[in-house]
Every structure is written in structure tokens, then in C-alpha cells.
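Thanks for making the time this morning. I would like to walk you through one model, going from side-chain pairs to a sheet and then to a patch on the surface.

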Amino acid sequence: MAIKLTMSGKFMTATLLPQVLGIALFIGLWGLIALTSPNLPGPIKTWDSAVELFSNPFYENGPNDQGIGWNILSSLQRVGIGFGLAALIGIPLGFMVGRFDFLDKMTSPIVSMLRPVSPLAWLPIGLLVFKAANPAAIWVIFISCIWPMIINTAMGVRQLPQDYLNVARVLKLSEWKIFTKILFPATLPFVLTGIRLSIGTAWLVIVAAEMLTGGIGIGFWVWDEWNNLNVEHIIIAIFVVGMIGLLLEKILVWLAKRFSY
Amino acid sequence: MNTLQKYVLAENVRMSFDTKQGKFVALENINLRISKGEFITLIGHSGCGKSTLLNLFAGLLAPSSGFMFCAGREIAGPGPDRGVVFQNHSLLPWLTCFGNIHLAVERVFGATESPLQLKQRTLEALALVHLSHATDKYPHEISGGMKQRVGIARALSMQPNVLLMDEPFGALDALTRAHLQDELMKIVAATQSTVVMVTHDVDEAVLLSDRIVMMTNGPAATIGSTLDVDLPQPRDRMALASNTHYHLLRSEVLKFLYQKHAKTAA
């Protein structure tokens, strides 16, 4: 018991204290700036607004006025679908690009050229092809997820240690066994890195995409509240987006740790 | 051809690599006949191509010219009839000790035996190297010496015609190495294995081998001399320490390595 107490005491001073101090300083600074700028709501005003907002997160008042919960869920759904489709195509493609040199040389100029393009630039193409806002937003997420997925998976396959391949060669394993027993488990940590980067980018991009496409979603909500000049809600949205992003990252890091050797 | 006499065979083997500086001849004029049940060590300075020769026997490399046979068949690529023990164990980290060996057992006997028999074989291989207690452990949970024993068990579990070992104990500390050498002697005696082992350790070579193949320095390395180790089996390292014939053989190898073919300072 005594040991446990000192352990938690150590945790308090070493980890918790600086974190709390940092947040307090941040809020203090924000309050100070808010005092000098009358248009920017301070921490207390924002907190009151947040309490009210989250007291009823799932109300429905017509298509353009829904609770913040619904907005968050529909953004997460778009990210989920766009990411899922990108994984479905990007991971197998990454395996093939990594395994076959010819395919690597074929795809690498295209990937290198398209990767630095902001995924939002693809939004008009999505609108043109799908003729609807929602699939266009999913399309943007798909584009932002596909590159890290292909690149990281291919890198994992390429960096497969020669030792493991030698084992496969001396045992003369079938291609299927090589894939299930060597290639896939060896590449899994890289695939998970790709997933983490993809989700991170997707969550960044969804806010901007929804601002442009409208409908329901956290990005549109921010834009809507800007039109209503409800700045407290915009600040709340920033925190919410940040916290969900952090949560997604934590889950994926935990997942990656479980599958690293 | 009398396969009993020439179980593993290399004839006029030459190995050259294409490098940026042009052709590099690693091995030339290699002729070696290994009988069934013989324990051969390849010894030489680093860079003499002894590992290259082992990889040729394994089929991981193909000779530039010349012929190589194993059990009367030409070596064309790697195969489970030749068990390889790698220098750095090369266990798959996501499989348990059992899983690593089972992968090999399944590959060789999967078509002819029941799952229960495959499991039995795997457990027997683990028992052979005294690792029954580590069956469900992952490679990162066991010591370097234990990993190497799993590697040996994996190679032996396939019941290969020949066991090829590439400096299997090179990365281990002296005490663990001695322990594993003793164990290997017992295993080889029990299984009547044919072994080709690469080493740079003179004591290891004399202790374990029936014949020591001494290689000249590269480039274009070849077999400089062979030495029959006519010490009686089973051998005991303590008894050999005071055996004059052992010391004579040992000094023969040392003479070859440090007088006739001393490595010029790299």
C-alpha cells in the first residue's frame, strides 16, 4: 500500500503536474486574450455554452439543426467509410507494389506526384462524378487515406528481413504460406502505421471537406455556427475535434503496440 | 556413382559475383566429397567464402560453374532435404518455438501425416534440444542459446539429408557455446546426421569434426588443405584438454591459418 502511494505520488509530480500546469497556463492565456478582444469568448463563457450544448447532444430539429452528437457521428461515419474503402484497395495494392518491382516502378511516379496534392483538390472531381455532396466527401477521405496506406504497406514488404525470406526459401514454402506466415505478420506493424497516418489525415481533412459540402457533420456545424456568429460553439468544436483525433490516435497506437514484435 | 561414399559432392565449383567494380571471383576450383554421417567443418579467415560455399550447398546461391550434388541429386535451389541453421537463428518472432518448428514439420510431412503426428514430431524436436519447457514461448522470451537450439531443432525436424550450419554459435558467449557444442555432439551421435558447419573457431572445429576443410584467403578462395580428425568418439572436452594428439591437430589448423595463409592486415 505504501509503495502504491509513493508510486502514485511520483506519477502525480512527474506526469500529471506538468500536464495540469500546461493546460491551466493555456486557459489562462486564452482568458487574457479574450479580455482584450471583445469578440472572442473567454473560457468561462465557452464552458457554460458547452454544458448547455452537451446536455442534449442528440436532438433533431430538421435537417440543418441537429445535436452535436449527430454531427460528430456522421463525420466519423464518413471517415470510417472513406478509410475502409481506402484500406480495402490500398493494403492489397501496397502488398503487390512492395512484392513486385515492376509494379513499384509503374506506380511510383503517379503516387509521388499525387501524394502532395491536398485531398480537397479532389472534391470537385468527386462532386462531378458522384453528383452528390456526401459521396464526394467520402471520396476526399478515400483519397487522403489511400497514399499512406499504399506507401507504408509497400515499405513494410520491401523491408522484410532477408533472414525471413531465407527461411521461406530453405523450407520451400508455398506463396500462400509465405504470405500468411511471413509476409503478413512481418508487414502488419507497417500497415498499422499506414492506418494511423491515414486516420490522422482523414480526421484533419473531414472538417474542411464538410465545410465545403454542407449537410450534417462537425465541419459543416463549424461553418454553420460561424454564419450564426456563435463563436463559443466554434471553439467547442475545435476542442471536440481535437479530443476525438487524440482518442483515435491513442486507440491505434494501442493496437499497433499489441501487434509489434 | 556410389552415393554412400560421396553423399554431398562439389565438383569444380566456381562462384563469381557481379559487382560495381566488375566480376568478383569468390570461390574457385572447389572439390569436396562428404560421406554420409560425416561431420565437416569449413574453416578460414573472414571473407574466404566459407559461408558462400555453405549457401551453395543450401541452394540459396547457384554456382557460376561446376556441379553440386546431395544424396545423388543435383542441387538446384534450396529445399527441405537440406536443413539450414542460420547464424542469427532466423526464428519468426510472431510464432512460438512450437510454431516455428511446426512450420517446417508441416511443410515436409504435412502431405503424408495426420495433424497429431505432426504435433508429435514438433514436440519430439523440441525435446531433442531439451526445450520442452519453452514450447509456447516466443523467441523474444528466450535466451540467445535457446533460440539457436530452436533453430537446430527446426532444421533437424525436417529429417534432412544434411545439416548445414553457418557459424551457429558465433554470436553466443563462450560458456553457452561450449554447452551447445556438447549438446550438438550428442544430437549428431543420436541422429547420425551428416553435418557441414562453417566456423572460425579452431577449438570448435577440432572438437566437433571428422574432417576439417581449411580454406585459403579470397578472392578466388579454394580448399587449401583438409585434415582428418582421428580422435575417438564420443569426445569429451575435458579429456581432450590433456590429449597430445588433440593439440597436434589443433596446431596443424593454426599453422595453416596463421603461417601458410595468414590474413594480411585488412
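Before I start, one cut-off: a residue is called exposed when its relative accessible area is over 50%, buried when that value is under 20%, and partly exposed in between. Please also keep in mind that this is a predicted model.

With that cut-off, A:E175 counts as exposed, because its relative accessibility is 54%. Its partner in a salt bridge is A:R99, and the closest N and O atoms of the two are 3.3 Å apart. Where do the two residues of this pair lie? A:R99 belongs to helix α3 of chain A, residues 68–99, while A:E175 belongs to helix α8 of chain A, residues 175–213, so the salt bridge ties together parts that are 76 residues apart in sequence. A:R99, for its part, counts as partly exposed, since its relative accessibility is 31%.

In general terms, side chains of opposite charge can pair when their charged atoms come close. Over all chains, the search of the whole structure finds 18 salt bridges, and I will take two further examples, from chain B.

In one of these, B:E11 and B:R33 form a salt bridge in which the closest N and O atoms are 3.3 Å apart. This pair links distant parts of the chain, with B:E11 in strand β1 of chain B, residues 8–19, and B:R33 in strand β2 of chain B, residues 22–34, 22 residues apart. B:E11 has a relative accessible area of 28% and is therefore partly exposed, and B:R33, with a relative accessible area of 39%, is partly exposed as well.

The other example is B:D182 with B:R237, a salt bridge whose closest N and O atoms are 3.1 Å apart. Here B:D182 sits in helix α5 of chain B, residues 174–191, and B:R237 in helix α7 of chain B, residues 237–240, so the pair ties together parts that are 55 residues apart in sequence. Relative accessibility is 27% for B:D182, which makes that residue partly exposed, and 28% for B:R237, which is likewise partly exposed.

Let me stay with chain B and turn to the sheet. In what order do the six strands of the open sheet in chain B come? The order is β6-β7-β8-β3-β9-β10, with mixed pairing. At the edges we find β6, residues 82–85, and β10, residues 223–228, both of chain B, each of which pairs on one side only. On average, and with direction ignored, neighbouring strands of this sheet are turned by 20 degrees against each other.

Within the sheet, strands β7 (residues 162–166) and β8 (residues 195–199) of chain B run parallel and are joined by four bridges; B:D166 has B:V198 in β8(B) as its bridge partner.

Two helices deserve mention here. Helix α1 of chain B, residues 50–58, lies across β3, β6, β7, β8 and β9 of chain B, and runs at about 150 degrees to β7(B). Helix α4 of chain B, residues 144–157, lies across β6 and β7 of chain B, at about 175 degrees to β6(B).

Finally, back to chain A, where A:I23, A:F26, A:I27, A:F239 and A:M243 make a nonpolar surface patch of about 500 Å². The elements giving two or more residues to this patch are α1 (2–36) and α10 (231–258) of chain A, and α1(A) gives the most, with three residues. A:M243 is found in helix α10 of chain A and counts as exposed, because its relative accessibility is 54%.

Terms used
Residues numbered from 1 in each chain as written. Chains lettered and ligands numbered in written order. Predicted model: local features only at pLDDT ≥ 70, side-chain atom pairs only at ≥ 80, totals over all residues. Heavy atoms only, no water. Patch = residues over 30% accessible without salt bridge, like charges linked within 9 Å, V, L, I, M, F, W, Y side chains within 5 Å. Areas by Shrake-Rupley, 256 points an atom, 1.4 Å probe, with all protein chains shown as cover. Salt bridge = Lys/Arg side-chain N within 4 Å of Asp/Glu carboxyl O. Buried < 20%, exposed > 50% of the residue type's maximum accessible area, 1.4 Å probe, protein only. Pairing = 2+ DSSP bridges. Axes fitted to C-alpha atoms, helices over the stretch in contact; angles between N-to-C directions. Contact = heavy atoms within 4.5 Å.
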